[in-house]
Amino acid sequence: MEIKAIGCEPLQLKRMHIENGHTLDVYRQTGGYESLKKAMNMTSDQIIDEVKASALRGRGGAGFPTGMKWSFVPRDSPKPKYIVCNADESEPGTFKDRYLLERDPHALIEGMLIGAFALGVETCYIYYRGEYKYLIEIMDRAIEEARQANLVGKNILGSDFNCEFYTHTGAGAYICGEETALLSSLEGFRGHPRMKPPFPAVEGLYACPTVVNNVETLTSVPQIIEMGGKEWQELGTEKSGGTKLWSVSGHVKKPGVYELPMGYHDMEKFILEDCGGMLRDDKKLKACIPGGSSVYAMRADQIIGKNVTLDYEGLVEAGSMVGSGGFIVIDETVDMVDSTKNLTEFYKHESCGWCTPCREGTDWLVKIFDRIWAGGGRPEDAQLILDLCDNIEGKSFCPLGDAAAWAIQGAVKRFPEDFKKHLLQNGNGAGTSGS
Amino acid sequence: MAEELIKVTIDGQEFEVEKGRPLIDVINEKGFGVPSFCYYADLELQASCRMCLVRIEKMPKLQASCVIRCTDGMEVTTKSEEIEKAQRAMGEFLLANHPLDCPVCDRGGECELQEVIFDWGDVEERFDEPKNAHPEKFLSPIVANDQQRCILCKRCTRVCHEWMGEDAIEAGNRGSNTVIGTYGGWLNCSQCGNCIEVCPTGTLLDGVYRHETRPWELDQTITTCTYCSDGCQLSVGSRADEVHRIVARDRYVNGINGEFLCIKGRFAHGFVNHGDRIKTPLIRYKKGGKLIPSTWDDAIAFAAERIKESKKAGVVATSRLTNETVHTLKRFADECRDGTSYAVSDTYDLAPFFENLSAPLCTHKEIRFAETIVVIGGDVDEEQPLTAKQIRQAVRNGGANLILVNDTPSRLSHQASQFIHVNPGTVEAFVLALADPSAADMAAAKMGIGRAEIDKARETANATKGDLIIMFGKELGAEAQAVAANLPSRHENRNVKLHPLAGYCNSVGASDMMPGRKPVADVVAGSDALLIAGSLSDEEFAAADLASKPFVAVQELFLTDTAAAADVVFPAASFAESDGTYTNNDGFVQRVRRAIDPVHQAKPDWMITSLLASELGADFGYSFSASAVFRSIAESHEAYEGLRYPDLKDETRPVRVKHKLVSGADVSGAVASLRDRVSQFPDAADKITEEPRVGHKLHRVTTMTGKTPQFHLLANGNPKPDDLLVSPLFQFNPDGSPKKEEESEVAAG
Ligand SMILES: Cc1cc2nc3c(=O)[nH]c(=O)nc-3n(C[C@H](O)[C@H](O)[C@H](O)COP(=O)(O)O)c2cc1C
Ligand code: SF4
Ligand code: SF4
Ligand code: SF4
Ligand code: FES
């Protein structure tokens, strides 16, 4: 398990290898809470402008510009306002937030405090996925430490700024990472997504203005305030500012969490050199899913020799997306029908059941994959799968349905050979390989 | 609500519509039509079925038209290849795991899913994988459930939450395993059946009607419910002179209640064709003898003879009778024999209220959109369920203030913005406090509340700009009613409206029909020959000692205590067998329509009374037509002047009778005696803190409800059976005890 920065100073990963980096003392010794002090001498607009200038885009998956999201909050609203940290991290292939939560909890608290100060928020929630329950203790301890140091609670650092923190855990549902479902769950309801508009920034938690941000998004904020938005942006590209964490898994020698500057050149080098190359030297790269399971898988020939840069624009141009940065490397031993069947099962299992196309579509798709895997593939199945994906995509209530459709469409369209093999062997017994 | 008009283009045609209206409504109203399942006007938006997709210019993907509000210049396409593909795809998805068992489904023929799919006509089934299968089961004695047919539109859970405030059902599990279920596997709710009614598919099913007929075999008769004073409109489904089910009609046109009904209105119709109905007239020739079946001619002649012989006759009407009947009884009293006294048996007499009425009655629609609602006494959830639903929606969906004054907590009190929890039996003191500020401190003390509570309620009322509705229940005695009726004239707000929480379906009408009535006890005591239409209440019956009366004639459906004590019993037709009208607590006079011919030898009540009258020499001029009786009503009651049956044809536009308003009446006498009475209330008392169980009144077994066997199980604790796949009726005795094995096998087999 590799945790390191390549092509930049470790910012997000600054405290990953420092002993007791999760404690307040060490956090302060390494510059912690200085940004908060700095921010508390700035106006709300100045803080938001710095975040805008940083070109920080949401690290939860959608990549929405954070400064802009913050500026949507009606600061003059008489209602209470909230910041909710999305620590639900459940996109398959994504595990970066876990390390931040475990080893650098104060960075998150500081980031949220800066946001809270800028937006007039007095209550912050950190929503953990159910499986991260064991990490909550670390955060609760950090919050307590911060409270003792007058960094959380009433009259923070002697000012009239009050801010309370609460941690909360979900019960194990991918959908609760979707921001509106997260809010429903946080309110104590079933984790169903809600209609947008109204967007959470205007009507979120308890129908009050709410900013929902990913862990990594929020831990970037102290760095931005410390170095200045413009400087932070310049670490990356014009539209994709700063650095970003990638959760690398799959068939590489050195899987782990990597911090790269946005615009890192290039993807091929990253896989074949930085991550230690292919796991088995005699097995070739077949595919890579760069942004978590919900983005289009890329074929090796879309990567090798194609100068793909790792940033929002570069990956879109290359036919995929940054998503959550869950970087899954796949070698030639993998049958894409098998891996896609697995992902389809995931989406079926995680569909919340609210809307027709996602609920019924994923169930149907799993049944088709089961049949194919049992040797009952039919030549027309590929077309049927694509048509069902088309009937889900753009029609579902929330993006989970779209994500399922993209993951499956990507595989069927880009790896037709694998599908052909199964669909032509109609009735010839069970599937061939595992991975 | 004068709204700004804007322009919207639908399929190339331009329309002017009110800004902000739901696009789906506009599309449908303008005749374009878009299929939909989860959308339901006036329920929270759901947008989950994804059936109503349309294309809107400048929007990236197809949009669910149910959540789109019309804006100026919006250009909408409802028909294109892309849209049809999407809509058909949703239909295909919904049918994927659907059992396609329409031929054995009770909803077949009335199913919205079936309708949408049939409209396309040529749906090809591509899904040939194994379906997710589940057995059909019972959720309660009254609610049956086939989860395979569910399309998860969640209309059911929304009505249960928003209309009923019960939250008895919710979705469980996730994804394609999602299922609408109960908490604990058994429904312990009010059993209103509204979830069944709004279910677009055959998932939630009427357990009373289950597998009795196919819906299209039923004659549907639109009529008015015979239970409470709300006067819901409903459709009686009958085949071959048998009533099989009751439903609310189409949600868009069904009168004041839409698809809402309560358990009694929807399910308690078993009495109509029940075997215990009185089949022929009965005569007790000699005191102490038996009631012996006779002919109509003999029974009428016998009764007329006895009434002629009597010194003083008396007439007692009951408030479940039609206006036509009560009016005829009044004429009987006036025109047959001099000095005949008359009374109406009811939970309470509304005369003092109507005599002092200083503001109009409110309509149920006005309740839904009221700004402030003050409910003094009563038990709305159990006794006027439609009113309760309107209040709940006003609060929940409309943000209304709800001030509830009661000595007992209830479901509604959880929703009140101010629940004024008073000492037992002291709600009248609140009326006094409102009418006479100088008595407010004393009233507060008697009610066991702080004076501030009264001031706060008054402030809320004074700050109200929209409708301020005052409701009151049977706790209010004559003075308090008079004072309450007079309250609006003391209030600067012009939009004060009143809503009496009257007891029965025709409490208001019976009160209108019989001005000058006396208390039942007086009439009984002062007469040696009595004609009673319906039955006395238990207390009235106990006090009346009918056996000691020289002569008693009773018009009834069943041999109740009152009927059994009579010397002549006339078999009366039920509401499902008669034409007539009821006047509800909105003051709407609504039609009762004959769905089936009278059972056995029964006759409509008004006809029985007028036959008897003509035997006594009085000719009312209407022998066989209820509409002629109504004409007589219109001629003799000012509030009904000029009305005819054709005016009452359309239940979506109910007609209001014109109750006279008295403004500036002097009620100081009533206030003074109310103050006197309140001052005698005890100074201290223990408050009632226990909330009665849901259904404590709705599930009560009465002469009428008791004929539907499911009510016995509900009244006896609604036990959960071991086997959910078999009707609880086969597993339990009416008293709720489990049936012995051999018995239940015989019953089930
Ligand atoms: C199905 C689904 C799952 C998601 N899961 C997560 C998650 O686990 N963590 C996360 O930060 N964002 C997740 N998101 C994205 C959130 O909806 C939201 O965009 C994000 O939390 C916003 O924060 P950001 O702007 O900082 O990225 C998910 C979105 C969808 C549609
Ligand atoms: S797409 Fe629909 S069913 Fe799927 S998770 Fe979103 S709302 Fe739920
Ligand atoms: S019967 Fe009425 S109260 Fe019971 S679950 Fe259905 S809607 Fe809710
Ligand atoms: S039971 Fe009926 S109303 Fe309820 S979700 Fe299913 S189909 Fe809709
Ligand atoms: S009616 Fe619009 S999504 Fe169901």
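Which loop of chain A holds A:Met278? Look between helix H11 (267-274) and strand S9 (285-289) of chain A, and you'll find A:Met278 there. Keep in mind as you look around that this is a predicted model. Is A:Met278 buried or exposed? A residue counts as buried if 20 or more other C-beta atoms lie within 10 Å of its own. A:Met278 has 20 other C-beta atoms within 10 Å, so it is buried. Who are its companions? Leaving aside neighbours within four places in sequence, A:Met278 is in contact with A:His251, A:Val252, A:Lys283, A:Leu285 and A:Asp331. A:Lys341, on the other hand, sits 63 residues from A:Met278 in sequence and 24 Å from it in space, going C-alpha to C-alpha.

Now zoom out to the whole of chain A. The chain is divided into domain 1 (11-234), domain 2 (243-331) and domain 3 (336-424). Take the centres of domain 1 and domain 2 of chain A over their C-alpha atoms, and they are 27 Å apart. The contact between these two domains uses 16 residues of domain 1 and 19 residues of domain 2. On the domain 1 side, the touching residues are a mixed bunch: five nonpolar, six polar and five charged.

Let's pick out one helix of chain A, H8, which covers residues 179-186. How many of its eight residues are buried? Seven are, which makes H8(A) mostly covered. The buried ones are A:Glu179, A:Thr180, A:Ala181, A:Leu182, A:Leu183, A:Ser185 and A:Leu186. Part of their cover comes from strands of chain A, including S2 (82-87), S3 (123-128), S4 (164-169) and S5 (210-214). Just after the helix ends, you'll meet A:Gly188, which takes a positive phi of about 100°.

Next stop: ligand 1. It has 25 residues around it, and the closest are A:Gly58, A:Gly60, A:Gly177, A:Asn214 and A:Thr217. Strand S5 and helix H16 (399-414) of chain A each supply at least two residues of this shell. Which domains of chain A each give at least three residues to the shell around ligand 1? Domain 1 (11-234) and domain 3 (336-424) of chain A both do. Sorted by class, the shell has nine nonpolar, ten polar and six charged residues.

Time to cross over to chain B. Where chains A and B meet, the contact takes 26 residues from chain A and 25 residues from chain B. On the chain B side, helix H2 (residues 81-96) gives the most, with six residues. That side of chain B divides into 15 nonpolar, five polar and five charged residues.

Chain B itself is split into domain 1 (5-93), domain 2 (282-350 + 507-656), domain 3 (352-500) and domain 4 (721-749). Between the centres of domain 1 and domain 3 of chain B, taken over C-alpha atoms, there are 41 Å.

For a closer look at a strand, try S25 of chain B, which runs over residues 568-571. In a regular strand the side chains alternate between the two faces of the sheet. Here B:Val568 and B:Phe570 point one way, B:Val569 and B:Pro571 point the other way, and all are buried. S25(B) has an antiparallel partner in strand S14 (residues 282-283) of chain B, joined by two bridges; B:Ile283 stands opposite B:Val568. Strand S24 (residues 551-556) of chain B pairs with S25(B) too, in the parallel sense and over four bridges. In that strand S25(B), B:Pro571 is the bridge partner of B:Glu556.

Chain B also lines ligand 3. Its shell has 15 residues, and B:Cys160, B:Ala168, B:Cys189, B:Cys192 and B:Cys195 are the closest. Helix H4 (155-163) and helix H5 (194-198) of chain B are the elements that give two or more residues to this shell. By class, the shell around ligand 3 has ten nonpolar, four polar and one charged residues.

Finally, the nonpolar core. In soluble globular proteins, nonpolar side chains tend to be buried together. The largest core in this model has 355 residues, and those with the most contacts inside it are A:Val84, B:Ile373, B:Phe430, B:Val431 and B:Val483. Its largest share, nine residues, comes from helix H6 (residues 105-119) of chain A. Take B:Ile373 as an example: beyond its neighbours within four places in sequence, B:Ile373 is in contact with B:Ile367, B:Ile391, B:Ala394, B:Ala400, B:Leu402, B:Ile469 and B:Met471.

How values were computed. Residues numbered from 1 in each chain as written. Chains lettered and ligands numbered in written order. Predicted model: local features only at pLDDT ≥ 70, side-chain atom pairs only at ≥ 80, totals over all residues. Buried ≥ 20, exposed ≤ 12 C-beta atoms within 10 Å, placed from the backbone. Pairing = 2+ DSSP bridges. Contact = placed C-beta atoms within 7 Å. Nonpolar A, V, L, I, M, F, W, Y, C, P; charged D, E, K, R; others polar. Core = buried A, V, L, I, M, F, W, Y, C linked by C-beta atoms within 7 Å. Domains from an automatic or database assignment. Near = placed C-beta within 6 Å.
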